[in-house]
Every structure is written in structure tokens, then in C-alpha cells.
Amino acid sequence: MRLPILNQDLEKIKNNYKNILKKDENNPSTNNSLGVLLAREGNFEQALEHFKKALKYKPDYLECYYNLALLLTKVNKLDDAIKCYYKVLKLNPNHIQTYNNLGNLFINIKNYEEAYKHYKKAITLNPNYFQSYYNIANLFQEQRNYYDAEKNYKRAIQLNPDFSDAYNNLGVLYDDMLKIDKALENFDNVLKLKPNNAEAIYNKSLLFLLKGDLNKGFEFYEYRWKKKKFTSIKKDFSKRLWLGKEDLSNKTILIHSEQGFGDTIQFCRYLKFFSKFNTKVIFEVHKYLYPLMKQSLEVEQLVIQGEKLPEFDFHCPLMSLPLAFNTTIDSIPSFKYYLQTDKDKSKYWKDKLKSIKKIKVGIVWSGSSTNKRDTSRSIPLEEFIKYLPKNYEYISLQKEIKNEEKKLIENKLHIHFFGNELDDYSDTAALCDCLDFIISVDTSVAHLAGALGKKTFLLLSYRPDWRWFLNRDDTPWYPSITLIRSDSYKNNETALQKLKSLL
């Protein structure tokens with residue numbers, strides 16, 4: 001059995017290498033080995049110098065080119081990494097791992113054709129190379145080619161039955177296809193191999209929430225903080241985390257917002273529950289939400305993220321409040337509205353729009369491109385406007401739009417854009433207040449409209465976010481919102497057709 005190398009051993013080995021280089025500073029093997037250790041420690045610049053020195057005195061040093069390519073990938077110099085890998089292949093055209101790694105790099109730069117070609121070359125050299133089957137499956141999944149993705153995940157698992165990542169991603173694939181039982185089965189397969197795997201438990205939480213099993217869903221949702229990567233950074237405070245158990249009478253609690261703006265808007269409704277405990281609430285929010293929350297919420301103190309926090313006794317992430325308050329699908333705190341608009345700002349927009357005599361409709365067709373499901377929820381404006389009747393006037397509620405979208409709007413006399421005047425969400429709220437109704441894809445503006453009680457048509461992709469549940473056209477979170485669901489995971493055309501029939 002190979003024992004792990006301890007940190008003190010690494011330091012000893014590193015010093016040995018340095019002593020060798022004092023006598024022979026140009027030794028290729030030692031420079032390469034020291035480079036590997038330095039890279040492992042995160043000393044990338046020093047590692048790079050040693051790799052370069054090794055290659056200077058041994059230009060055909062395959063192993064060093066390979067290690068250098070790994071380092072360049074880590075520091076995001078992808079073009080240089082690709083060149084290094086090709087030097088490896090020049091020295092050894094049958095280097096399987098290099099073909100696989102090149103495939104990964106081409107995925108990163110969205111060159112799917114080259115990625116596929118390199119993965120297939122690795123499999124040609126070794127038909128049992130399960131890692132490349134897995135990577136091909138990931139490629140197909142990103143392209144929403146679910147049939148071929150499924151086939152390749154299964155092949156990778158067949159070759160390596162203990163491949164937990166493949167089970168997890170196959171579960172995500174079935175999740176995207178709304179094959180919920182199959183998705184849960186694969187997440188459970190991960191947990192058989194790795195009982196506390198946070199990725200699998202978190203993925204299960206989203207499915208339980210989607211199905212409406214909020215008790216189990218929110219319990220598992222706490223594993224979001226144990227994932228390798230998560231949208232928000234876990235905040236470590238010396239004060240205790242409150243999840244509903246401790247007595248809060250005459251105490252002060254910090255509620256810190258997390259994830260997106262829409263999440264803050266949706267879950268700030270829970271803050272009013274603390275009044276029955278005689279508890280002081282400090283609420284930390286993003287600066288773009290601060291004016292809206294200040295005019296809407298009754299809390300002890302509102303703090304902008306990044307500012308110094310006052311003293312508190314307990315803390316709780318905002319999206320842990322449903323768990324703390326034992327929320328079920330029947331006990332979701334539903335209000336006609338719970339956010340307020342700034343009257344002066346509403347008057348400004350009413351005066352600005354008074355020349356528009358037709359029905360005024362707010363529209364949102366795209367969300368943040370950083371959202372992993374954005375390609376399935378956002379709709380190109382050119383496609384979106386095909387389904388909008390011309391007897392209305394449309395007001396864009398998006399702050400930012402692409403250049404080609406600006407040109408499109410300029411040529412459509414019944415669409416207006418005021419993004420340069422929307423400094424924060426209180427401005428957007430005031431503009432929403434002056435509209436007759438709103439049409440939106442799943443973005444923060446849809447949550448804002450619902451929290452203001454505005455009539456809203458919400459277009460959902462085939463696999464909706466968990467908060468919209470399944471098989472219903474209403475939502476207990478926002479009584480004023482009508483849900484319009486797509487019937488196909490390939491595009492949102494069916495949702496747009498349904499919308500058109502309702503307008």
C-alpha cells in the first residue's frame with residue numbers, strides 16, 4: 001500500500017532537490033521534479049521557471065512538457081497549454097492522457113468539434129479508457145444531446161462501476177430530462193460509493209424541492225455549503241448558526257442574503273416572522289437591493305454587503321429560513337404583495353410614460369449568462385418578439401442588452417428601452433408599478449413583479465427551477481404570477497405559443 005506523502009516529507013524532498021540543483025543547476029530531471037512539487041504548493045511562477053529550465057537542457061523531455069501543460073491549464077493559459085500538449089504528442093503520438101486533456105481544453109474554449117475528435121482518439125488507442133467516455137458524455141450534455149450523453153455515461157460506468165462522478169452527472173442528465181426517479185437512483189448510487197457526497201445530496205435536494213417535498217428538500221439543501229463550488233461563499237461567524245431551534249427572545253439575529261437578487265427578493269418575506277419572537281433583525285443585502293429593501297422592510301438595521309456588521313447573537317443564511325420555519329408546500333408564506341415602490345420614482349415613470357396610450361407591458365427575455373441553466377431559460381429577443389401582439393406597447397425591464405438587441409429595438413417602434421435609468425431595483429420596481437402587466441423568463445425581475453403583486457406571465461423552460469414545482473400554472477410563492485411551461489427540453493417554442501394564446 002502506498003502511504004500518502006506528508007507535508008513535512010514534501011518539504012524534505014523539496015530541500016533535497018534544491019541541494020542537488022546547487023551542485024548541478026541545469027539537471028533536467030531535478031528541475032522537473034521540483035517544478036511538480038512547487039506547482040502542488042501553488043508556487044506557479046517558480047514551478048514554471050524550473051519546467052522551462054528542464055526543457056532548455058532537455059528539449060525532448062516529454063514528461064516535463066506534460067507537467068508544464070497541466071500548470072498552464074491551472075493558471076488559465078489555455079492556448080499555451082494546448083501547444084505544450086501537442087509537443088507531447090509529437091514525442092509520443094500514442095499518449096492517451098494527453099488526447100483526453102486536450103479534449104478538456106477544447107471544451108473550455110467551446111471548440112466542441114476538436115474536443116470530440118481528441119476524446120475519440122484516446123478511445124481508439126484504448127477502447128476501455130472510461131475517462132474519455134465520461135468526457136464525451138459531458139460534451140453531449142452541454143450541447144443538450146441527451147441521448148448520446150446517456151449512452152456514453154453508461155459506457156463509462158460499465159467500464160468503471162465505481163465511477164461516482166459519472167453516476168452523479170448521469171443523475172443530472174436525467175434531472176434535465178425530468179426523469180426524476182432515474183435521477184434520484186443515480187444520486188443514490190453516488191451515495192453508496194461516497195455516503196456523504198455533498199454534490200449528490202445537494203442534487204437530491206433540488207429534486208425533492210421540485211416535487212414539493214419541502215421538508216426533505218430544505219433539509220438536504222443545507223449541503224449547498226459543502227459543495228466544492230457554490231454560487232455564494234459560506235460565511236463563518238463566531239456567533240451560532242440559527243436554524244429554528246434556539247430561543248430568540250430579546251436576541252439579535254443577522255440574516256445574510258445569498259445567491260442571486262431573485263433569491264433575496266423571494267425569501268426576504270420570512271423576515272416578518274421574527275417579530276413574534278421579539279427579535280431584532282439585521283439584514284445584509286447587495287447594494288442594488290438596498291433602496292428597495294429599505295423602503296419595504298421593517299428590520300432593526302439594513303446593511304450593505306461588505307460594510308461593517310453590528311453586534312448580533314445568531315446568524316442565518318437567508319435561504320435557510322424556510323428550513324428554520326418548517327416550511328411545507330401548504331405553509332409557504334404567500335402574500336398578495338410584500339414589497340413597496342418609491343412613490344416619487346413611480347410618479348417619475350408615470351409622467352414619462354403618459355404619452356403611451358396603449359396597454360403597457362413589461363418584458364424580460366434573458367437572464368444572467370452565468371446561470372448554468374441560462375441557455376434553456378433565456379430566449380433570443382428576435383424569437384421572443386415574434387409572439388408579442390402589436391396592439392400593446394412593450395417596455396424592456398432589462399438594465400443591459402446586447403448591441404444587436406439595441407438595433408432590433410430601435411427598429412421596433414412598439415418596444416422601449418430605459419436601461420440607462422435603472423440604477424437599482426427600486427427604479428425597476430417603480431417602472432413595474434406603472435405597467436399593466438409583465439412577461440418574463442425566470443429572472444430576478446419576475447420575482448420583483450411577483451413581490452409587488454403585479455400581474456405577470458412567467459415563461460418556464462422544460463426543466464424549471466425547483467421553486468416553480470411541477471404540473472401547475474400558478475405558484476404559492478406569488479399569487480399574481482401565471483406560469484407558462486415549455487413542453488420540450490429542446491426549445492421554449494411551446495411556452496411562447498401558449499403565451500400568445502393568452503394575450
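Here are a few worked exercises on the side-chain interactions of this predicted model.

Before starting, note that residues are numbered from 1 along each chain as its sequence is written, and that side-chain values use heavy atoms, with hydrogens and water left out. Because the model is predicted, local features need pLDDT of at least 70 and side-chain atom pairs count only at pLDDT 80 or more, while totals for chains, interfaces and linings use all residues.

**Exercise 1. Find which residues have pLDDT under 50.**

Step one: recall that pLDDT is the predictor's confidence in each residue, from 0 to 100. The protein averages 92, and 94% of the residues score at least 70.
Step two: look at residues 1–6, where pLDDT stays under 50. For this stretch the model has 2 contacts (heavy atoms within 4.5 Å) beyond four places in sequence.

**Exercise 2. Work out how many disulfides the structure holds.**

Step one: apply the criterion, a pair of cysteine sulfur atoms within 2.5 Å. The structure holds 0 disulfides.
Step two: check two cysteines. For Cys268, the nearest cysteine sulfur belongs to Cys316 and is 14 Å away. For Cys432, the nearest is that of Cys434, 9.1 Å away.
Step three: add accessibility, where buried means under 20% relative accessible area, exposed over 50%, and partly exposed in between (1.4 Å probe, protein chains only). Cys268 is buried at 2%, and Cys432 is buried at 0%.

**Exercise 3. Determine which parts of the chain the salt bridge of Lys110 and Glu142 ties together.**

Step one: use the salt-bridge criterion, a side-chain nitrogen of Lys or Arg within 4 Å of a carboxyl oxygen of Asp or Glu. The structure holds 18 of these, and in the one between Lys110 and Glu142 the closest N and O atoms are 2.9 Å apart.
Step two: place the partners, with helices (H or I, at least four residues) and strands (E, at least two) taken as DSSP runs numbered from the N terminus. Lys110 is in the loop between α6 (96–108) and α7 (112–125), while Glu142 is in helix α8 (residues 130–142), so the bridge links parts 32 residues apart in sequence.
Step three: compare a bridge within one helix. Asp351 and Lys347 meet at 3.0 Å, N to O; both lie in helix α17 (residues 343–353), 4 residues apart, about one turn of the helix.
Step four: look for shared partners. Glu222, Arg224 and Glu258 are joined into one network by salt bridges that share partners. Within this network, Arg224 is buried at 0% and Glu222 is buried at 16%.

**Exercise 4. Classify the ring pair of Phe130 and Phe163 and that of Trp242 and Phe274.**

Step one: rings of Phe, Tyr and Trp (its six-membered ring) pair if their centres lie within 6.5 Å; planes under 30 degrees apart count as stacked, over 60 as edge-to-face and the rest as tilted. The structure holds 36 aromatic pairs.
Step two: for Phe130 and Phe163 the centres are 5.2 Å apart and the planes at 75°, so this pair is edge-to-face. Phe130 is partly exposed at 27%, whereas Phe163 is buried at 7%.
Step three: for Trp242 and Phe274 the centres are 5.5 Å apart and the planes at 55°, so this pair is tilted. Trp242 is buried at 2%, and Phe274 is buried at 0%.
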